[in-house]
Amino acid sequence: MDWIINDEMGLTVGHVVGWAAASAMVIGGVIPYVPQYIEIKKTQDAEGFSLYVCLALLVANSLRILFWFSSRYELPLLVQSVVMNVTMFLMIHLCVKVKRVNANNREHALRVMTDTDTGASISTEAGGSVLKRVRSRHYLNDLDFKYFWNWTDFQSYLDFMLVVWAVGAAITYLMLSVLWFMESMGFVAVFTEAMLGAPQFLRNFKNKSTYGMSIHMVIMWTLGDMFKTGYFIVRKAPSQFWICGTLQVSLDIAILSQVWFYRKNSKPRDLRRGD
């Protein structure tokens with residue numbers, strides 16, 4: 001009887017640990033963006049966050065979702081990609097909203113300055129020129145590559161990703177039986193995500209300083225990526241996952257090592273990943 005109870009308890013503990021690890025995988029990737037979201041909403045300033053981080057993660061996780069139809073990797077990894085995409089859209093929506101409000105405020109301030117005859121240094125012509133720039137709006141259907149991923153309405157970002165998903169789904173359907181293509185898609189997906197820290201590493205290397213970088217944030221990335229890579233290995237995820245996970249951990253460690261090498265030129269300060 002005791003051995004039956006022990007086996008049942010062992011099974012229960014195993015289930016709890018498994019669910020905890022799966023839950024950590026699903027939400028762990030979005031946790032670093034929660035304080036970023038709160039800070040932007042609190043300060044009403046989105047200039048410090050690069051929307052290209054959202055683009056990279058949206059593309060990477062969309063490819064991972066399409067790759068699932070070929071490899072059928074674990075469900076928590078699929079759910080993680082869906083959750084990350086939702087998170088990135090929330091970040092984009094907030095940033096676009098904040099930037100639009102700030103642009104409207106600047107437009108109102110300039111209108112007041114140009115309409116008030118106080119002999120200010122801003123001429124009507126110059127003020128009108130600035131006002132015209134502030135009023136400018138950029139949309140996906142403008143087909144102006146100069147403003148790609150710098151549109152002023154959320155719908156343009158959503159429409160672009162809908163096009164990406166539609167094209168990606170069509171290609172996946174046609175190429176699903178082509179093993180090398182689907183494997184390459186999986187590698188591109190996880191490799192794109194793995195290289196998100198590269199701009200930070202190159203920036204530190206170029207400046208010979210980690211000034212502006214939050215050490216605690218990088219430590220959190222490193223621990224999270226180590227857990228994620230270990231999960232990939234233990235759960236026997238496709239090789240693309242653990243190979244690029246190892247690369248991501250190596251890049252995190254390289255960034256942390258820069259703190260030591262450039263410590264004389266560095267001062268602690270918050271910085272967002274991908275800036």
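**A tour from the surface patch to a buried salt-bridge network**

Select Phe 187, Val 188, Phe 191, Met 195, Ile 233, Trp 242, Ile 243 and Leu 247: in this predicted model these residues form a nonpolar patch on the surface, with about 660 Å² of accessible area together. Helix H7 (179-194) and helix H10 (239-261) each contribute at least two residues to the patch. Within helix H7, centre the view on Phe 191, which is partly exposed at 34% relative accessibility.

Remain on helix H7 and select Glu 193 together with Arg 64. Their side chains form a salt bridge, 3.1 Å from N to O. This pair joins distant parts of the chain, 129 residues apart, with Arg 64 in helix H3 (residues 51-71) and Glu 193 in helix H7. Arg 64 is buried, at a relative accessible area of 2%, and Glu 193 is likewise buried, at 8% relative accessibility.

Add Lys 228 to the selection. Glu 193 also forms a salt bridge with Lys 228, in which the closest N and O atoms are 3.7 Å apart. Because Lys 228 lies in helix H9 (residues 215-234) and Glu 193 in helix H7, the pair ties together parts that are 35 residues apart in sequence.

Next, show Asp 225, whose side chain meets that of Lys 228 in a salt bridge (3.6 Å, N to O). Both residues lie in helix H9, three residues apart, about one turn of the helix, and both are buried. Arg 64, Glu 193, Asp 225 and Lys 228 are thus displayed as a linked network of salt bridges.

Finally, colour the segments that the unreviewed UniProt entry annotates as "transmembrane region", including 49-69 and 157-179. Residues 49-69 are 90% helix and 0% strand, with end C-alpha atoms 33 Å apart. For residues 157-179, the values are 87% helix, 0% strand and 31 Å.

Terms used
Residues numbered from 1 in each chain as written. Predicted model: local features only at pLDDT ≥ 70, side-chain atom pairs only at ≥ 80, totals over all residues. Heavy atoms only, no water. Patch = residues over 30% accessible without salt bridge, like charges linked within 9 Å, V, L, I, M, F, W, Y side chains within 5 Å. Areas by Shrake-Rupley, 256 points an atom, 1.4 Å probe, with all protein chains shown as cover. Salt bridge = Lys/Arg side-chain N within 4 Å of Asp/Glu carboxyl O. Helix = DSSP H or I, 4+ residues; strand = E, 2+ residues; numbered from the N terminus. Buried < 20%, exposed > 50% of the residue type's maximum accessible area, 1.4 Å probe, protein only. UniProt positions renumbered as here; feature names shortened; annotations may be inferred.
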